[in-house]
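Reader: I'm happier at the bench than in front of a model. Could you walk me through how to read one?

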Amino acid sequence: MATAANTMTSNDGAAIEARLSEERLFPPSETFSAGANISDPAIYEKAGENPEAFWAEWARQLEWVEPFHTVCEWNPPHAKWFLGGKLNLAANCLDRHLKNARRNKAAIIFEGEPGDTRVLTYYDLWREVNNFSGVLQHLGVGKGDRVTIYLPMIPEAAIAMLACARIGAIHTVVFGGFSADSLRERINDSQSKVLITADGGWRRGNVVQLKLTADEALEGGACPTIENVVVYNRAADPRHVAMTEGRDHWWHRLMEISPKRVDPEVMDSEDPLYILYTSGSTGKPKGILHTSAGYLTQALATMKWTFDIKDEDVYWCTADVGWVTGHSYVVYGPLAAGATVLMYEGAPDWPHRDRFWEVIEKYGVTVFYTAPTAIRAFMKWGTEHVEKHDLSSLRLLGSVGEPINPEAWIWYHEQIGGGKCPIVDTWWQTETGAHMITPLPGVVSTKPGSATRPFPGIGADVVDENGDSVPPGSGGFLVMRTPWPSMLRTLWGDDDRYQKTYWSKFGSKNLYFAGDGARRDEDGYFWLLGRVDDIMLVAGHNISTMEVESALVSHPAVAEAAVIGRTHEIKGQAIAAFVTLKDGFRGTSELAGELKEHVAHHIGVICRPDDILFSAELPKTRSGKIMRRLLRDIAEGRALGDTTTLADPSVVAGLKDKYENAEG
Ligand code: WT7
């Protein structure tokens, strides 16, 4: 068992101690490697020797109007990639495929929640994007203008994004689950000229009223830069949708009166592509700015090597377009690669808890990419929903968003992958734009719970407080030592905050600080330990949330767990665990005692939780990440902090009551 890593100082000088030991190893099968897009392990060394040459080779796979003359210019903390190059990203995702056999291939297969379906070939998608580019031009949108997109998970979201890219406008997609306040703040920060929305979208049999929320955001001139609102008719009878004269226009009407063909704007490699807001735990959302050529280069490279994408695949990434995963791995990456992308509008448990498996069977999905929070929900619901369906088309599985607990990994591997699909656990961020740490499935043997190795050409490291690499087996801060093509370029309108947030921690060493803790084991594998701010300090030991949670999840009764440190007179902090049980188990005091022992036995007595609270749900962000900050507020008996990014605020209110009563 790995122990006592002694280089990372987080709270007060103690080291993060890595305690989870995972001995299971899953080498790629010979058949998978034989057919894989990359199967030569020498690529790591080759890319490591000359990352710029490695990335330039990928960039040359794009279609350029004018080639670049310089690969990378690095003036820390600002990077430029593929300087001098001219291209258009929508042309790379669409037009180039019309010249080959992909012309009539399915680009997007859409499954609506009510069961309606659509297939758009590459030609269809190209035609729609051209026409919508005409709409945007008709509304006076030009190069560099900002356009806010607030749509359900329907093909029009991709069409709107690609139309912006085609005419050189900067899109900023706001997740359809966000409130009027959040939408307004993002529109105003980006100073968008046009808002694209829909009357509504389907979620668990109900219509999410996007247009009403958009109206609320704009009410009383609250967004002065918005000149026009385009409304797609998805879910309602158009006669019942209130349209503001002169401002609001139906998508289909504008399509009729606008040009049907628009030539792609010639863009510079470093021209902005999009702004995507991330709501950190506190403060104003950060407008992450991504640019053109470098972004698409890394999205394409990872699409081909991490997901091993082939022309025959049916690829399904379950993320919403409102998140970066939806940008890089529903729209830009897969379409640049000429893949067939499945898009599903609704919830995984509607109308039944087998909807995802039904969809996989129906379309013969081969590559499936989802989040640990979803996997843990499936585990909780039980295998009977999975067993109803034939999932034998699957050949590769992916995970993103949080550390995946080893038990969830094994469940995913066995129950969904039938024991035969490699799993790629991909670590990356909105800021990084594309995968950074991930297995190459035909090359790397995987270990459940580890994102394994940095993608070739990526300079990831684990360092101590001084920015020096920690020895193997040790924990520390996850950093990037070198720039990468799809890195954020700045924060929109706030370069100071960009420098402070990501580049100041290690001063003149110019390291990108990701905010995550990590350990690198003796084989050079990376184990993500959770956000550094969440790490607990118990009796002088820094303990990772991820490891205690994984120990809890390895108990057969537990579906999901969130742990936090609460103030304790003697130990500094005591561990409080919030636990969700699998269907069919009851949260008794005997079980609580058993779980405490289970953790102590698995990863050490120092990690034994003081409190266990059973809960039907855990507080999560709308993107599915557990919000430990609010659990700390509950455990400390404080007023709850900012709850606006929660998916369901009633969950924490309920937990707060329960916690206070349990303590008596
Ligand atoms: C944070 C970034 C990347 C797209 C979705 C989330 C956590 C993400 C993993 C993983 C462990 C992960 C990190 C990271 N995270 N993927 N495979 N293993 N942790 O994007 O909202 O920008 O969040 O998500 O903490 O910093 P995001």
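**Reading helices and sheets**

Author: Let's begin with a helix and its burial. In this predicted model, the buried residues of helix H8 are Leu210, Lys211, Thr213, Ala214, Asp215, Ala217 and Leu218.

Reader: How many of the residues of H8 (residues 210–218) is that?

Author: The count is 7 of 9, so H8 is largely enclosed by the rest of the structure. Just after the helix comes Gly220, with a positive phi near 65°.

Reader: Okay, what about two helices that meet? At what angle do H17 and H18 pack?

Author: For a helix pair, look at the angle and the spacing of the axes. H17 (residues 545–553) packs against H18 (residues 589–603) at about 120°, and their axes are 9 Å apart. With angles of 65 to 115 degrees counted as roughly perpendicular and those over 145 as roughly antiparallel, that makes H17 oblique to H18. The crossing of H17 past H18 is right-handed.

Reader: Which residues make the contact?

Author: From H17 you have Glu547, Val548, Ala551 and Leu552, and from H18 there are Leu595, His598, Val599, His602 and Ile603. Sorted by class, the contact has 6 nonpolar, 2 polar and 1 charged residues.

Reader: Now sheets. In what order do the strands of the open sheet with 4 strands come?

Author: With a sheet, go across the strands and note the pairing. Here the order is S22-S23-S25-S26, and the pairing is antiparallel.

Reader: Why is one side of S22 and of S26 left without a neighbour in the sheet?

Author: S22 (460–463) and S26 (526–531) stand at the edges and each has a single partner strand, so one side of each has no neighbour in the sheet. On average, neighbouring strands in this sheet are turned by 45° against each other, ignoring direction. You can zoom in on one pair too: S22 and S23 (residues 475–480) run antiparallel, joined by 4 bridges. In that pairing, Asp461 stands opposite Val479 in S23.

Reader: And the open sheet with 7 strands: what is its pairing?

Author: That one is mixed, in the order S6-S5-S18-S17-S19-S20-S21. Its edges are S6 (117–121) and S21 (423–425), each with a single partner strand, so one side of each lacks a neighbour in the sheet. Neighbouring strands here are turned by 15° against each other on average, direction ignored. At one edge, S20 (residues 396–399) and S21 run parallel with 3 bridges between them, and the bridge partner of Leu397 in S21 is Ile423.

Reader: Which strands does helix H5 touch as it packs on the sheet?

Author: H5 (residues 122–138) touches S5 (106–111) and S6, and its direction makes about 90° with that of S6.

Reader: Can we finish with a single strand? Is S30 largely enclosed or left open?

Author: For a strand, check burial and then partners. In S30 (residues 572–581), 8 of the 10 residues are buried, so the strand is largely enclosed by the rest of the structure. One partner is S29 (residues 558–568), paired with S30 in the antiparallel sense over 10 bridges. A hairpin of 3 residues joins S29 to S30, and Val563 stands opposite Ala577 in S30.

Reader: How do S30 and S31 run, parallel or antiparallel?

Author: Parallel, with 4 bridges joining S30 to S31 (residues 611–614). In that pair, Phe578 stands opposite Leu613 in S31.

Key:
Residues numbered from 1 in each chain as written. Predicted model: local features only at pLDDT ≥ 70, side-chain atom pairs only at ≥ 80, totals over all residues. Heavy atoms only, no water. Axes fitted to C-alpha atoms, helices over the stretch in contact; angles between N-to-C directions. Parallel < 35°, antiparallel > 145°, perpendicular 65-115°, else oblique. Left-handed = near helix turned anticlockwise from the far one by under 90°. Contact = heavy atoms within 4.5 Å. Nonpolar A, V, L, I, M, F, W, Y, C, P; charged D, E, K, R; others polar. Pairing = 2+ DSSP bridges. Buried < 20%, exposed > 50% of the residue type's maximum accessible area, 1.4 Å probe, protein only.
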